[in-house]
Amino acid sequence: DEYAGFTAIGNCGQNTVWRLYEDGTLRISGSGQLYDNGSPYSSIGWLSDEKTEENSYSCENIQAADIKKVIVDEGITYIGWEMFSDCSNLQSIDFYGHAPEFYWYQPLDHDIKVYFPENDASWNNVDKSIFSEGTKWISRDASGTHHHKWSSWKTTKAATIQAEGSKERSCTECGKKETAVIARLPKIAVS
């Protein structure tokens, strides 16, 4: 069972559940909207400083710093206020299904990778500024494979008659770089 083996569980919306696994993966599943997380009266379980049981929808509170990866299953329609704001060790969020509506700003003080389905047009209009400025938005196919979206080649060293040159391009989503050799220029015979 793909949901087995969690170390903590709680509600994060009327029809949504979160599960935290030992490796720091937080999986959010169900259908509908997630609660806002921006006030102590609507805490959904992962907290920045102190663990508290009062005023929480969770069965067991965890520290936001425990979260390293978030998986948002298909069916989630709204990501609430400050949902991941205190997740200082968060490295990536993997979305499956249509793009949810986001509360306008999800403050993070570090860059993350956001993975989303590449052939789902609902992701075309998502405001990419909701997380930190350096966040990478990376599309993947149904099998989870990212297909690079390459920029045009740029010459990094011009070729000469004596030496080869080099060129470089990068994926516009994930930032992976690729280099290639530019052949030496041919000698031109002067008569």
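## Strand pairing

Two strands count as paired if DSSP finds at least two bridges between them. In this predicted model, an open sheet of three strands is ordered β4-β8-β10 and its pairing is parallel. The edges of this sheet are β4 (32–33) and β10 (101–102), each of which pairs on one side only.

Strand β8 covers residues 76–79 and is joined to β4 by two bridges, the two strands running parallel. Gln33 has Tyr78 of β8 as its bridge partner. Two bridges also connect β8 with β10, again in the parallel sense. Here Tyr78 has Glu101 in β10 as its bridge partner. Tyr78 is thus named in a bridge with Gln33 and in a bridge with Glu101.

## Strands β11 and β12

A parallel pairing also links β11 (residues 113–117) and β12, through five bridges. Within this pair, Pro117 stands opposite Arg140 of β12. Strand β12 spans residues 136–140 and is mostly covered, with four of its five residues buried.

## Salt bridges

The structure holds five salt bridges. One of them joins Arg140 to Asp94, with 2.4 Å between the closest N and O atoms. This pair links distant parts of the chain: Arg140 lies in strand β12 and Asp94 in strand β9 (residues 92–95), 46 residues apart. Arg140 and Asp94 are both buried.

Another salt bridge is formed by the side chains of Glu168 and Lys177, at 3.7 Å from N to O. Glu168 has a relative accessible area of 27% and is therefore partly exposed, since that class lies between the limits of 20% and 50%. Lys177 reaches 53% relative accessibility, so this residue counts as exposed. The side chains of Arg169 and Glu178 also meet in a salt bridge, at 2.6 Å from N to O. Glu178 counts as partly exposed because its relative accessibility is 27%.

## Nonpolar core

The largest nonpolar core contains 30 residues. Ile28, Val70, Ile79, Phe84, Leu90, Ile93 and Phe131 have the most contacts inside this core. Two or more core residues come from each of β1 (6–13), β2 (16–21), β3 (25–30), β7 (69–72), β8, β9 and β11. Strand β8, the partner of β4 and of β10, is therefore also listed among the contributors to the core, because two or more of the core residues lie in β8.

What does Phe131 contact, leaving aside its neighbours within four places in sequence? The residues in contact with Phe131 are Phe84, Ile93, Phe102, Gln106, Leu108, Ile112, Val114 and Trp137. Among these, Phe84 and Ile93 are also named with Phe131 as residues having the most contacts inside the core.

## Second largest pocket

The second largest pocket holds about 170 Å³ of space. Its lining consists of Asp94, Phe95, Tyr96, Tyr115, Phe116, Pro117, Arg140, Asp141, Ala142, Ser143 and Gly144. Strands β9 and β11 each supply at least two of the lining residues. With three residues, β11 gives the most to this lining.

Several residues described above recur in the lining, including Asp94, Arg140 and Pro117. Asp94 and Arg140 are the buried residues of the 2.4 Å salt bridge, while Pro117 and Arg140 stand opposite each other in the pairing of β11 with β12.

Key: Residues are numbered from 1 along each chain as its sequence is written. This is a predicted model: local features need pLDDT of at least 70, side-chain atom pairs count only at pLDDT 80 or more; totals for chains, interfaces and linings use all residues. Side-chain values use heavy atoms; hydrogens and water are left out. Buried means under 20% relative accessible area, exposed over 50%, partly exposed in between (1.4 Å probe, protein chains only). A salt bridge is a side-chain nitrogen of Lys or Arg within 4 Å of a carboxyl oxygen of Asp or Glu. A nonpolar core is a set of buried Ala, Val, Leu, Ile, Met, Phe, Trp, Tyr and Cys residues joined through side-chain atoms within 4.5 Å. Contact means heavy atoms within 4.5 Å. On a 1 Å grid over the protein atoms alone, a cavity is a set of points where a 1.4 Å probe fits but cannot get out, and a pocket is an open set with protein on both sides within 12 Å along at least five of seven lines; lining residues have an atom within 4 Å of a point. Grid points are joined across faces, edges and corners, and a volume is the space filled by probe spheres set on the points.
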